[in-house]
Amino acid sequence: MPASEAYIAMRGVLTDALGIQEEVLNAGLNTSPTDFRAQAAAMFFMTQADHARSILAMELRRDAALIARSMYEGDLKLRWLLSNPDFPEDSDFKAKQWHAQGWRVDYESLYRRRDRLTQYRALTDEEESKFQTEKRELLHGIEHFQDFLLTEVGKQWLLAGARLSSQAFQKVFPAVETMCQRLGFDATYYDHYRSMSEYSHFGLAGISQIWKFDTESARRSIVVEEPIWSCWCLSMAGFSFLGSMAAIDALACQSLHQERTQALIARLSDMKPLR
């Protein structure tokens, strides 16, 4: 179908998907505190919905590609957490690992705040006492989740009471290209994700596509962007958002009207926008 028609149709798919999300929120999205996979899916689902609203609001603006790329990365990360390729014996390992990262984030944030202050002055007794109290609480959590958080080096540092640097912590996600290869998304990575990067940032392809040289006036002018580009963004955004919805369906932590979700995926798959 023509790109202009596909653009309208794809906006309709994304709008309908957000309508389902609103129904879910109104009904209440409940997950068990011990179901780490469902918690991860719910978190990604909510974030993808926020991104989807931003994509729709941006209309034909080229920076929509930055949000679409972020949604694609989110979809890959959720699939990585749920597929758990490196730990088949523990289907929840990656989700637990992701969940435990909160302790790392708070620990590193605590030290950054302290480091910023001590660049200019010594901590007061009250500030030092508060720092030590917070550190003990965070180390207690890190120790509890150490099998999902720490490397072998990190475990040794924890026992020795040393400060935990980035080398102490396990890496949850590999590079985007690696996730694509392991999950079987090589084609979308090279054909869409990387080319979107070249266009969205300041690569030569992006500059040459957005600027048009006028030989008569010897000046460059901005080219009005075509709907085909926005279809590209909407397609990537739609599949990423619907992927998180399907994940929640599969985990049965909330009914998302599975038939409607799959119907939206089918509608999006059938659209082949042409210039």
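**Exercise 1. Overall composition**

What percentage of the 275 residues in the protein is buried? Describe also the secondary structure and the exposed surface of this predicted model.

*Solution.* Step 1: buried residues account for 41% of the 275 residues. Step 2: the secondary structure consists of 12 helices and two strands. Step 3: in sequence order, these elements give the pattern α-α-α-α-α-α-α-α-α-α-β-β-α-α. Step 4: the protein exposes about 15,300 Å², of which carbon and sulfur atoms supply 54%. Step 5: of the contacts between residues at least 6 apart in sequence, 69% join residues at least 24 apart.

**Exercise 2. Packing of H1 and H12**

Determine how helix H1 is oriented relative to helix H12, and list the residues that form their contact.

*Solution.* Step 1: two packed helices are described by the angle between their axes and the distance between the axes. Step 2: H1 (residues 3-27) and H12 (residues 258-270) pack at an angle of about 165°, and their axes lie 10 Å apart. Step 3: an angle over 145 degrees counts as roughly antiparallel, and H1 and H12 are therefore roughly antiparallel to each other. Step 4: the crossing of H1 past H12 is left-handed. Step 5: H1 contributes Ala9, Met10, Gly12, Val13, Asp16, Ala17, Ile20 and Glu23 to the contact, while H12 contributes Arg260, Thr261, Leu264, Arg267 and Leu268. Step 6: sorted by class, the contact of H1 with H12 comprises seven nonpolar, two polar and four charged residues.

**Exercise 3. Packing of H2 and H3**

Carry out the corresponding analysis for helices H2 and H3.

*Solution.* Step 1: the angle between H2 (residues 36-58) and H3 (residues 64-83) is about 165°, with the axes 10 Å apart. Step 2: this angle makes H2 roughly antiparallel to H3. Step 3: H2 and H3 cross in a left-handed sense. Step 4: on the H2 side, the contacting residues include Phe44, His51, Ile55 and Met58; on the H3 side, they include Ile67, Met71, Leu78 and Leu82. Step 5: by class, the contact of H2 with H3 has 13 nonpolar, five polar and three charged residues.

**Exercise 4. The environment of Gln97**

Is Gln97 buried or exposed, and which residues outside its neighbours within four places in sequence are in contact with Gln97?

*Solution.* Step 1: Gln97 is located in helix H4 (residues 93-118). Step 2: the relative accessible area of Gln97 is 1%. Step 3: buried means under 20% relative accessible area, so Gln97 is buried. Step 4: with its neighbours within four places in sequence left aside, Gln97 is in contact with Phe148, Gln170, Lys171 and Val172.

Conventions. Residues are numbered from 1 along each chain as its sequence is written. This is a predicted model: local features need pLDDT of at least 70, side-chain atom pairs count only at pLDDT 80 or more; totals for chains, interfaces and linings use all residues. Side-chain values use heavy atoms; hydrogens and water are left out. Axes are lines fitted to C-alpha atoms, for helices over the stretch in contact, and angles run from 0 to 180 degrees between N-to-C directions. Helices (H or I, at least four residues) and strands (E, at least two) are DSSP runs, numbered from the N terminus. Angles under 35 degrees count as roughly parallel, over 145 as roughly antiparallel, 65 to 115 as roughly perpendicular and the rest as oblique. A crossing is left-handed if the near helix is turned anticlockwise from the far one by less than a right angle, and right-handed if clockwise. Contact means heavy atoms within 4.5 Å. Ala, Val, Leu, Ile, Met, Phe, Trp, Tyr, Cys and Pro count as nonpolar, Asp, Glu, Lys and Arg as charged, and the others, Gly among them, as polar. Buried means under 20% relative accessible area, exposed over 50%, partly exposed in between (1.4 Å probe, protein chains only). Accessible areas come from the Shrake-Rupley method with a 1.4 Å probe; for residues, only the protein chains shown count as cover.
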